[in-house]
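Dear colleague,

I am handing over the structure below, and after it you will find what turned up when I went through it. Please keep it open beside this message as you read.

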Amino acid sequence: MHVHFLDPYRPGQSPIHKLDSRVKFVLTLAFIFAAALTPTGAWAIYILLLALVLGVEVLSELRVGYVLKRAALALPFILAALPIVFTMPGEPRFILSIGPWALTASLPGLERFISIAIKSWVSVQAAIVLASTTEFPDLLMAMRAVRVPRLLVSIFGLMWRYLFVLADEAIRLMRARLSRSGVSDQAGLKPGGSLAWRARVTGGMAGSLFVRAFERSDRIYMAMLARGYDGEARSEPLQALSGASWVVLALSLFTLLALLVFALLFWA
Amino acid sequence: MSFAHLFSPQPMHIPDGFLSVTVSVILWIVSIVVIAYALRRVAEDLGERQVPLMGVLAAAIFAGQMLNFTVAGGTSGHLMGAAIATILLGPWASILVLTTVVGVQALIFQDGGLLALGANIFNMAVIGTAVSYFVYQTVLRLTRGQRWGVLAGGFLAAWGSIVIASLAVGLQLALSGTSPANIAIPAMGAIHALIGVGEGLITIGALALISATRPDLLKAGEARPTGGRAVWIGGLLIALILAIISPLASSHPDGLEWVAEQKGFLDVAQGPLYEIIPDYVFPGQINEAVATIIAGIIGTILVFGIALAVAYARRNRASASS
């Protein structure tokens with residue numbers, strides 16, 4: 001089995017797929033930044049941000065359901081913000097009694113909690129659209145365009161190249177463990193050994209994964225040397241952004257800025 | 001056999017929306033400075049071997065996070081890898097490798113946000129590495145490099161780096177006003193005190209195997225890198241500060257007072273922005289409810305308009321091709 005399911009990229013011919021990756025990258029960051037700066041309780045702005053990202057999802061011809069399903073994976077973290085509902089001072093809204101405790105939810109607390117949830121939800125959708133419509137090499141180009149150091153970009157590139165190889169390696173290790181230890185799906189049959197023993201076995205697997213990675217990196221280095229590698233990460237110069245890309249970039253940034261100005265004027 | 005469920009988000013990766021802009025930006029700046037310094041150091045220490053070594057090791061750490069073991073009741077323990085990266089690669093390369101891992105997790109798998117990426121790099125790559133390095137080197141020196149010292153140091157470094165990093169996550173959430181300090185910090189710390197045990201046990205297993213098969217790899221990490229002392233002191237300071245601040249912050253019923261001060265500072269910082277157009281310029285200031293309704297209508301039209309246009313374009317394309 002190969003782990004190409006790891007790659008979230010969905011090939012396509014939509015306008016979003018064709019948009020220059022640098023523009024997409026910058027706009028995704030700008031969108032998330034705008035969402036972060038939008039004050040608590042600016043519901044109108046949240047609706048517009050959600051409409052923007054949903055609109056882009058429709059345009060990208062990814063199915064909206066697919067994006068929302070992926071977005072749901074990132075939601076459990078919202079638990080971290082839940083206590084704020086009951087601890088922020090303000091007008092009490094409802095009382096939740098759990099056994100001997102009674103928790104009073106305040107209106108500002110609720111507003112803050114819902115705002116955090118929406119911000120997080122629209123931001124993760126924007127990130128999903130970026131990852132699903134942009135191939136990794138194009139993301140690397142975008143990173144170069146925003147002046148990420150070349151060495152770091154090379155490490156990212158090499159990691160991506162070998163990610164699938166090593167994930168396959170990890171899956172082989174796990175399959176070997178499964179065949180050795182004869183796991184059963186039958187209910188009531190516990191996994192064998194003590195917890196510490198199971199952890200140590202897993203540790204041994206991790207150790208051999210790292211040893212193999214070291215040895216592989218040696219071979220890769222030799223192969224690179226044989227092809228004339230001298231430690232310098234060379235790459236083609238970036239092409240200039242096309243006029244249309246500039247227009248899309250400027251218009252979108254202006255829209256986000258306008259939304260933000262409105263949000264800050266009326267809700268701050 | 002499906003392994004997709006192994007990529008469940010971990011509680012250590014903060015998504016977007018949970019940190020205030022101030023906290024995010026400050027931690028981005030700190031992370032960028034540390035990464036820039038680490039890039040220079042690694043170039044001196046490793047030379048031209050660095051790109052293949054760090055790229056493949058970053059992939060290995062990522063793949064290593066898939067390896068898990070059953071704990072109880074459907075939960076499982078798995079590796080995050082800050083300690084093992086620090087022990088095998090030394091602190092500077094470890095920072096870069098973990099930055100790459102956390103970066104790909106955010107960029108490709110939405111495990112952690114993009115604006116929050118600076119904070120996540122700071123917590124996992126910078127704090128994780130510094131604390132691991134400090135703990136591991138200290139234990140090694142105390143036990144004079146014996147084999148059990150390597151294993152004990154690995155366990156403590158793994159446990160310590162995870163717990164301290166989780167305290168930092170709790171503190172950042174509290175500073176952002178996302179979660180009260182007296183809940184977020186103890187909760188994060190307690191969960192990760194347990195998760196850290198799993199991490200520590202896996203790290204022991206990994207170190208035991210590596211010291212048996214390729215002991216030279218452990219020696220390579222032990223070699224004193226340039227600037228190692230700075231990392232050691234940095235790890236000590238980070239661990240001390242977080243270990244002292246966290247109980248202080250969480251013992252105060254309303255969180256730390258300086259959290260409030262921080263917020264006061266934020267209001268001051270944002271003040272001028274809001275006074276560009278004072279209230280009286282807009283006489284009948286638009287009603288918030290009306291604005292929300294209008295926004296809802298505009299949003300709906302926008303999405304439906306695009307959906308219709310795309311459907312129409314698709315049908316034309318389909319009929320043209322048939």
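I begin with A:Glu61, which counts as partly exposed because its relative accessibility is 24%, a value that falls between the limits of 20% for buried and 50% for exposed. Please bear in mind throughout that this is a predicted model. A:Glu61 sits in the loop of chain A that links α3 (43-59) to α4 (64-73), and its phi angle is near 60°, which is a positive value in a residue other than glycine.

A positive phi also turns up at A:Arg147, where the angle is near 70° and the residue is again not a glycine. A:Arg147 lies in the loop between α7 (136-145) and α8 (150-181) of chain A, and with a relative accessibility of 68% it counts as exposed.

As for chain A as a whole, it has 10 helices and 2 strands, and the order from the N terminus is α-α-α-α-α-β-β-α-α-α-α-α. Of its 268 residues, 47% are buried, while its accessible surface comes to about 13,300 Å², with 64% of that belonging to carbon and sulfur atoms. Among contacts in chain A with a separation of 6 or more, 74% are between residues 24 or more positions apart.

In chain B, you may like to look at B:Thr203, which is found in helix α7 (residues 181-213) and counts as buried, since its relative accessibility is 1%. Apart from neighbours within four places in sequence, B:Thr203 is in contact with B:Leu79, B:Ala83, B:Ile84, B:Gly154 and B:Ala158.

With best wishes

Note on methods. Residues are numbered from 1 along each chain as its sequence is written. Chains are lettered from A and ligands numbered from 1 in the order in which they are written. This is a predicted model: local features need pLDDT of at least 70, side-chain atom pairs count only at pLDDT 80 or more; totals for chains, interfaces and linings use all residues. Side-chain values use heavy atoms; hydrogens and water are left out. Helices (H or I, at least four residues) and strands (E, at least two) are DSSP runs, numbered from the N terminus. Buried means under 20% relative accessible area, exposed over 50%, partly exposed in between (1.4 Å probe, protein chains only). Contact means heavy atoms within 4.5 Å. Accessible areas come from the Shrake-Rupley method with a 1.4 Å probe; for residues, only the protein chains shown count as cover.
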